[in-house]
Structure formats: C-alpha cells, structure tokens
Amino acid sequence: SDEDDFVEYSVVTSSSLRANQLVEIKVEYRENRGTAMIRLFWESYSQPFAVIDRHRLFSNASHISGSPFEVKPQAIKPEEPIHCSLDIVDWNALQIDWSVPEDDGGDEVTKYLVESWDANEYGLTEKQQLRFKDSISGGSFTIGLHVYSVDVPIGSTAFEFEQIIESLPNVGDLLVTKSAETGVVVYDVEFLTNNAPVPVLTL
C-alpha cells in the first residue's frame, strides 16, 4: 500500500519550543515519480506524538536561497499495455482490447495512442540521421517535424534528444543513439511507431 512507501525521519530541535511562539524550521524533499506528500509530526514530554495541526504552520513556498539541492526530474516511460487482443468485428471495423501497463511510470496513464499502417509497410521503420561538427559548443538548434518545432541544446545526450523530439505532436516512440566520427557528432533517429512516410527532420 501507499502507507508502506513512506520513509520516516526524525530530528531533535536545537532549542526548546515555547507555546504560542513562532520558530523557524526548514524542510526540503524531492519526489521524481507521481505526487509527493509529506507529513510533519511533533512530540515532547508535554506533547503526545501527533500530526502538527495546519493552523500551527505558516509556510513559505518561495525558493530556498542557498539550498544545496538541485532537482532534475527524469521522465519515466510507461511500459507497453498488456493482454492486448485484436478482433475483426465488421468489414470496416476492428476491436482492440488491452489492460493497463504493469509499470505506469509513476503516474496514472490517461491517454493511449493507437496507430495503424499499410500492410506493405509493416515492420519497416523510418531512420534519419543528424550530423554536427564537434567544434560547435554552447547554444541550441531548432528541429522541426510537420509544422511543429522545438529547441535542442547543443551537446544533448541521446536520451535528452529523444525526450525532446518525442515532445512534438504525432511523433510517436523514438530510439536515438549518439556516436562520434572524426570531427562530427552523429545522432541516429529511428521512428519505432510512426511508420513511413515520415517527413524529414528539419533544422
């Protein structure tokens, strides 16, 4: 259950708390999957262990200056749906059934993309390649597909490049690999679900 996933930490205040007097506390926590939640308890010789009432807390949501923490969330892709089945229900109709993925990536899946393509093109994946001089450093470039475009920082890893391009509408699932040749950085982009014809990526 969700209750079993909580991690408990405890700390002793550096000085005694006095009734009806404000005291400054700082709590920092990070959550990379789903919705984060924290519960704050207090306890002393005169105060039984209990959740601190909301009216006792005065929070400040502004950024904590000088915090040693830096969070860089990484999106986690859900796995493929399971128990998929396909039935012909009429001359012009198919019925597709499936169950939710075993691993939803940390949050509920709210949309599914169902794609189809010509039988003659089944199994063929579109592959494109981008090449840059390795002398280029800093800045970004704009890459487009269809009528959409997005900025990509120079020096992005294959995973970062893949995530950025997949953010464009109607791109589908990609596989991006990055390699180096003499004086050149190479990104190989394979469209795993968006089958031919796929427009050429534009720079």
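Here are some friendly notes on this predicted model, going from the overall fold to the core, the hairpin and the surface.

1. **Ground rules.** Residues are numbered from 1 along each chain as its sequence is written, and side-chain values use heavy atoms, with hydrogens and water left out. As the model is predicted, local features need pLDDT of at least 70 and side-chain atom pairs count only at pLDDT 80 or more, while totals for chains, interfaces and linings use all residues.

2. **Overall make-up.** The protein has nine strands and one helix, where helices (H or I, at least four residues) and strands (E, at least two) are DSSP runs numbered from the N terminus. Along the sequence the order is β-β-β-β-β-β-β-α-β-β. Of the 203 residues, 18% are buried; buried means under 20% relative accessible area, exposed over 50%, and partly exposed in between (1.4 Å probe, protein chains only). Among contacts (heavy atoms within 4.5 Å) with a separation of 6 or more, 45% join residues 24 or more positions apart.

3. **The largest nonpolar core.** This core has 21 residues, and the members touching the most others are Ile 143, Phe 161, Ile 165 and Phe 191. At least two residues each come from strand 5 (126-133), strand 6 (140-145), strand 7 (148-153), helix 1 (158-166), strand 8 (174-181) and strand 9 (184-191). For the term itself, a nonpolar core is a set of buried Ala, Val, Leu, Ile, Met, Phe, Trp, Tyr and Cys residues joined through side-chain atoms within 4.5 Å.

4. **Helix 1 and its partners.** The buried residues here are Ala 158, Phe 161, Glu 162, Ile 164, Ile 165 and Glu 166, so do notice the two Glu entries in that list. Together these buried residues pack against strand 5, strand 6, strand 7, strand 8 and strand 9. If you want one side chain to click on, try Ile 165: leaving aside neighbours within four places in sequence, Ile 165 is in contact with Ile 143, Val 150, Val 152, Val 171 and Leu 174.

5. **The hairpin of strand 6 and strand 7.** These two strands pair in the antiparallel sense over six bridges, pairing being called when DSSP finds at least two bridges between strands. Thr 142 stands opposite Asp 151 in strand 7. Two residues lie between the strands of this hairpin, and His 146 has a positive phi near 60° there. With a relative accessible area of 44%, His 146 is partly exposed.

6. **A second positive phi.** Most residues other than glycine have a negative phi, and most peptide bonds are trans. His 83 also deserves a look, with a positive phi near 55°. His 83 is found in strand 3 (residues 82-90) and counts as exposed at 62% relative accessibility.

7. **The surface.** About 16,600 Å² of the protein is exposed, with 52% of it supplied by carbon and sulfur atoms; areas come from the Shrake-Rupley method with a 1.4 Å probe, and for residues only the protein chains shown count as cover. Leu 86, Ile 88, Leu 94, Ile 96, Trp 98, Val 100, Tyr 112 and Val 114 make a nonpolar patch of about 820 Å². Strand 3 and strand 4 (93-99) are the elements giving two or more residues to this patch, and strand 4 has the largest share, with three. Val 114 lies in the loop between strand 4 and strand 5 and is exposed at 52% relative accessible area. Patch residues have over 30% relative accessible area and no salt bridge, with nonpolar side chains (Val, Leu, Ile, Met, Phe, Trp, Tyr) joined within 5 Å and like charges within 9 Å; a salt bridge is a side-chain nitrogen of Lys or Arg within 4 Å of a carboxyl oxygen of Asp or Glu.
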